[in-house]
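Take a look at the model below before reading on. The text then walks through it place by place.

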Amino acid sequence: MAYETIIVEIEDEVALIRLNRPEALNALNSALVRELAGALTDADRNDKVRAIVLTGSEKAFAAGADIKEMSQKSFVDVYSQDMFGTEIKVIEGIRKPIIAAVSGYALGGGCELAMICDFIIAAENAKFGQPEINLGVIAGIGGTQRLTRFVGKSKAMDMHLTGRFMDAAEAERSGLVSRVVPTAKLIPEAMAAARKIAEKSQVSVKAAKEAVNRAYETTMAEGILFERRNFHALFSTEDQKEGMAAFLEKREPQFRDR
Ligand code: CAA
């Protein structure tokens with residue numbers, strides 16, 4: 001499939017999706033968001049894909065929503081179109097794991113897009129920020145909610161109210177990213193993590209993703225019950241028998257996603 005604003009490659013059962021608008025530091029315009037939602041949906045349905053890596057360029061993961069495209073829009077325009085609403089719901093609904101591999105700027109909608117992914121691996125040069133306040137608006141793709149859950153109220157308020165950027169070390173310290181790697185190693189590290197996930201039983205991968213995400217949507221007791229029932233349910237799979245037998249027989253498991 002040919003895209004104008006992204007590049008999709010499939011390698012070793014991992015879909016690598018690169019945001020590709022270098023002239024605008026991968027700013028999220030409507031075409032990019034539409035193409036990205038389409039490519040992720042295709043990857044989710046493609047049996048040859050077992051994990052997804054989303055990245056940008058070395059200079060920018062994405063510098064936010066496209067300010068040129070938005071600047072002249074009225075309230076009625078953005079409200080009627082529900083700007084970003086439809087596509088972002090599609091991206092939030094992807095069931096396969098998505099790793100954000102962030103190098104350079106992840107600002108505004110770029111930071112929010114990275115946070116929608118299941119985890120973030122950052123290059124040493126990564127910079128995260130929610131600078132919408134400088135434009136007379138606020139975050140619009142979940143930044144006030146997700147960043148607060150990741151880093152707590154004080155840091156989230158600081159970022160949203162002052163518009164300051166956070167470097168990779170601070171992002172790791174604050175729990176926004178899972179690991180920081182040398183900039184040149186970002187894609188190999190993210191692909192290796194994705195391949196590791198691809199080796200697992202995809203039934204338990206999906207169950208783990210659903211259960212962790214539940215932590216953001218429900219009470220502790222309900223979340224723990226959801227987890228325990230799904231843990232129980234996985235005993236109905238062939239992969240549970242295989243995984244435990246392989247451990248006891250001191251060999252690698254051969255999962256069949258059944
Ligand atoms: N939208 C449109 N174009 C953008 C852009 C954006 N968000 N960010 C950068 N660009 C464009 C610049 O206009 C410039 O284009 P021209 O060469 O045609 O002038 C090109 O990308 C390169 O950018 P700079 O020259 O500014 O590069 P720099 O290295 O000097 O600065 C930067 C980099 C600090 C990231 C700076 O570009 C910047 O501050 N960008 C805007 C960041 C921002 O405010 N993001 C929030 C957007 S609103 C949002 O995201 C709302 C939401 O939550 C949904």
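What follows goes from the ligand outward to the surface and the loops.

This is a predicted model. Start at the ligand. Its surroundings comprise 24 residues, and Lys59, Ala65, Gly109, Glu112 and Glu132 come nearest. By class, the shell divides into 14 nonpolar, four polar and six charged residues.

Which elements build this shell? Helix 2 (67-70), strand 6 (105-107) and helix 5 (109-116) each supply at least two of its residues. Helix 2 gives the largest share, with three residues.

Now turn to the backbone contacts. A backbone N or O atom of isoleucine 67 sits 2.9 Å from a nitrogen atom of the ligand. Glycine 140 places a polar backbone atom 3.0 Å from a ligand oxygen. Glutamate 23 also takes part through its backbone: an N or O atom there lies 3.5 Å from an oxygen atom of the ligand. How much of the ligand does the protein bury? Taken alone, the ligand exposes 990 Å², and the protein buries 65% of that.

Stay with helix 5 for a moment. This helix helps to form the ligand shell. It is also mostly covered, since eight of its eight residues are buried. The run includes Gly109 and Glu112, and both of these are listed with the residues that come nearest to the ligand. The other buried members are Gly110, Cys111, Leu113, Ala114, Met115 and Ile116.

Move next to the outside. Ile133, Ile138, Met157 and Leu161 make a nonpolar surface patch of about 400 Å². Leucine 161 belongs to helix 7 (residues 153-162). Is leucine 161 buried or exposed? Its relative accessibility is 57%, so it counts as exposed. The cut-off for that class is over 50%.

Glutamine 202 gives a contrasting case. This residue lies in helix 10 (residues 202-214). Its relative accessible area is 9%, so glutamine 202 is buried; the limit for buried is under 20%. What does its side chain reach? The partner is the backbone oxygen of lysine 200, at 3.0 Å.

Farther along the chain is glutamate 222, in helix 11 (residues 220-233). With a relative accessible area of 47%, glutamate 222 is partly exposed. Lysine 196 offers a reference point for its position. The two residues are 26 apart along the chain, and 30 Å separates their C-alpha atoms.

Finally, look at the backbone angles. Most residues other than glycine have a negative phi. Aspartate 82 has a positive phi of about 50°, although it is not a glycine. Where does aspartate 82 lie? Its place is the loop between helix 3 (75-81) and helix 4 (85-92). There aspartate 82 is partly exposed, because its relative accessible area is 38%.

Aspartate 257 is another such case. Its phi is positive too, at about 60°, and it is not a glycine. Aspartate 257 lies in the segment after helix 12 (238-248). Its relative accessible area is 28%, so aspartate 257 is partly exposed.

To retrace the route, go back to the ligand and its shell of 24 residues. Then follow helix 5, where eight of eight residues are buried. From there, pass to the nonpolar patch that includes leucine 161. End at aspartate 82 and aspartate 257, each with a positive phi.

Key: Residues are numbered from 1 along each chain as its sequence is written. This is a predicted model: local features need pLDDT of at least 70, side-chain atom pairs count only at pLDDT 80 or more; totals for chains, interfaces and linings use all residues. Side-chain values use heavy atoms; hydrogens and water are left out. A residue is near a molecule or strand if one of its heavy atoms lies within 4 Å of it. A polar contact is a pair of N or O atoms within 3.5 Å; within protein, one must be able to donate a hydrogen and the other to accept it, and residues adjacent in sequence count only if both atoms are side-chain atoms. Accessible areas come from the Shrake-Rupley method with a 1.4 Å probe; for residues, only the protein chains shown count as cover. Helices (H or I, at least four residues) and strands (E, at least two) are DSSP runs, numbered from the N terminus. Ala, Val, Leu, Ile, Met, Phe, Trp, Tyr, Cys and Pro count as nonpolar, Asp, Glu, Lys and Arg as charged, and the others, Gly among them, as polar. Patches are made of residues with over 30% relative accessible area and no salt bridge: like charges are joined within 9 Å, nonpolar side chains (Val, Leu, Ile, Met, Phe, Trp, Tyr) within 5 Å. A salt bridge is a side-chain nitrogen of Lys or Arg within 4 Å of a carboxyl oxygen of Asp or Glu. Buried means under 20% relative accessible area, exposed over 50%, partly exposed in between (1.4 Å probe, protein chains only).
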